[in-house]
Amino acid sequence: MTPAKAITLGVAAALAALAGLVVAQLMLTPKDIEIASGTLLKQPRAIEAFQLSDTAGAPFDNARLQGHWSLVFAGFTYCPDVCPSTLAMLKGLKGKLDAAQTPLQVVFVSVDPQRDTPDKLDRYVHYFSPEFVGITGSEAELEKLARSMSLVFAKVPGSTPDSYTMDHSAALVLINPQAQVAGYFLPPHHVDALSADLQRVIRGQR
Amino acid sequence: MRALSALLAVLAIVLARPAPACEGLALTQPWIREAPPGAAVLAGYARLSNHGRKPVVLSSFSGDDFGSVELHQSRMADGKMQMRAAGPLTIAPGSSVELSPGAYHLMLMQPRRAIAGSSRLTLHCADGTLAVDFPVRAPASE
């Protein structure tokens, strides 16, 4: 083989490898819409009819999720570490979205109705923001909502009957104005990334 | 004679000083997360360092302002947030353990007053106790 031929072959092989890489990249493009801080479902999912109450005692059902974007977070007030961190982060997020004229309803659903009375839940949630909505209800209704939102929660006994804890999904659930599950955000949550993503999604009405 | 009396004086000072409890243990950056009014549970954080040559074992925690204080650990498992009581905490010589949001924290239960300003918490080690004032504040990053 002459040196010239060898160089030509080498270049051809390099070009073929490059083309292969490009094709592989195109084929690996994900089906769901990737955003920096979470995942949007390609096909939003309907939420089974549920009936909970807000901390003022008003019904909170599917209709309260209609007509605006909502972000739902499950937790409980006997959670002094992770839940306050998340709610404080959501307060920061809400401030950024408000400043950018991007409306969002933030909903904290207590999965511990046994200890979280409406009064207790009210003080807890509104300490972070008077605009946040705290909801809870019977275990059966909470189960329904959790199932539709692919959330899980479970009671874990503590050293005394009163000191049990709740394991709960760490995801933030995004609900679209048609009251359907539109996507999820998983921790660790970063305010700036969430704010940028939500502005894009909510303004784009995707 | 003079040297002897000087030596005795030094010895007297050394002997009079109570043996340091939790020998080698340094607790820095203590704080309690400011909680919503009426909160039934609060969280305390700090950095625990062992500058000694022996492991420090913290067997339990207490505070006059609380009915019960336990060491807990938050962690993520299978997409779920879990919080569990953590047993005695051993800090190896030359190492540190961080009590910080989303990880180890002191679970401050059954508050006996509205917790504001600061609250004194006590760490129980094999050789005694160490009491430290924990100031109450909102997290710096929030």
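## Chain A: burial and surface

In this predicted model, chain A has 206 residues, and 48% of them are buried. The chain exposes about 10000 Å². Carbon and sulfur atoms supply 63% of that exposed area.

## Chain A: fold and contacts

Chain A holds five helices and 11 strands. Consider its contacts with a sequence separation of 6 or more. Of these, 70% are between residues 24 or more positions apart.

## Disulfide in chain A

The count over all chains is two disulfides. A disulfide is a covalent bond between the sulfur atoms of two cysteines.

One of the two links A:Cys79 with A:Cys83. The S to S distance is 2.3 Å, inside the 2.5 Å cut-off for a disulfide. The angle about the S-S bond is 100°, and the link is right-handed. Is this pair buried or exposed? Both A:Cys79 and A:Cys83 are buried.

## Disulfide in chain B

B:Cys22 and B:Cys125 also form a disulfide. Their sulfur atoms lie 1.6 Å apart. This link is right-handed too, with 80° about the S-S bond.

Which parts of chain B does the pair tie together? B:Cys22 sits in the loop between helix H1 (2–16) and strand E1 (25–33), while B:Cys125 belongs to strand E9 (residues 118–125). The bond therefore connects parts of chain B that are 103 residues apart in sequence. Both B:Cys22 and B:Cys125 are buried.

## B:Asp65: a buried loop residue

B:Asp65 is found in a loop of chain B. Strand E3 (56–63) comes before this loop, and strand E4 (66–77) follows. Why does B:Asp65 count as buried? Its relative accessibility is 14%, and buried means under 20%.

What does B:Asp65 touch, leaving out residues up to four places away in sequence? Its contacts are B:Gln110, B:Pro111, B:Arg112, B:Arg113, B:Ile115, B:Ser119 and B:Arg120. With B:Arg113, there is also a polar contact: the two side chains meet at 2.8 Å.

Two of the contacts, B:Ser119 and B:Arg120, fall within the residue range of strand E9 (residues 118–125). That strand also carries B:Cys125, the disulfide partner of B:Cys22.

Technical notes: Residues numbered from 1 in each chain as written. Chains lettered and ligands numbered in written order. Heavy atoms only, no water. Helix = DSSP H or I, 4+ residues; strand = E, 2+ residues; numbered from the N terminus. Buried < 20%, exposed > 50% of the residue type's maximum accessible area, 1.4 Å probe, protein only. Polar contact = N/O pair within 3.5 Å; in protein donor to acceptor, adjacent residues only side chain to side chain. Contact = heavy atoms within 4.5 Å. Areas by Shrake-Rupley, 256 points an atom, 1.4 Å probe, with all protein chains shown as cover.
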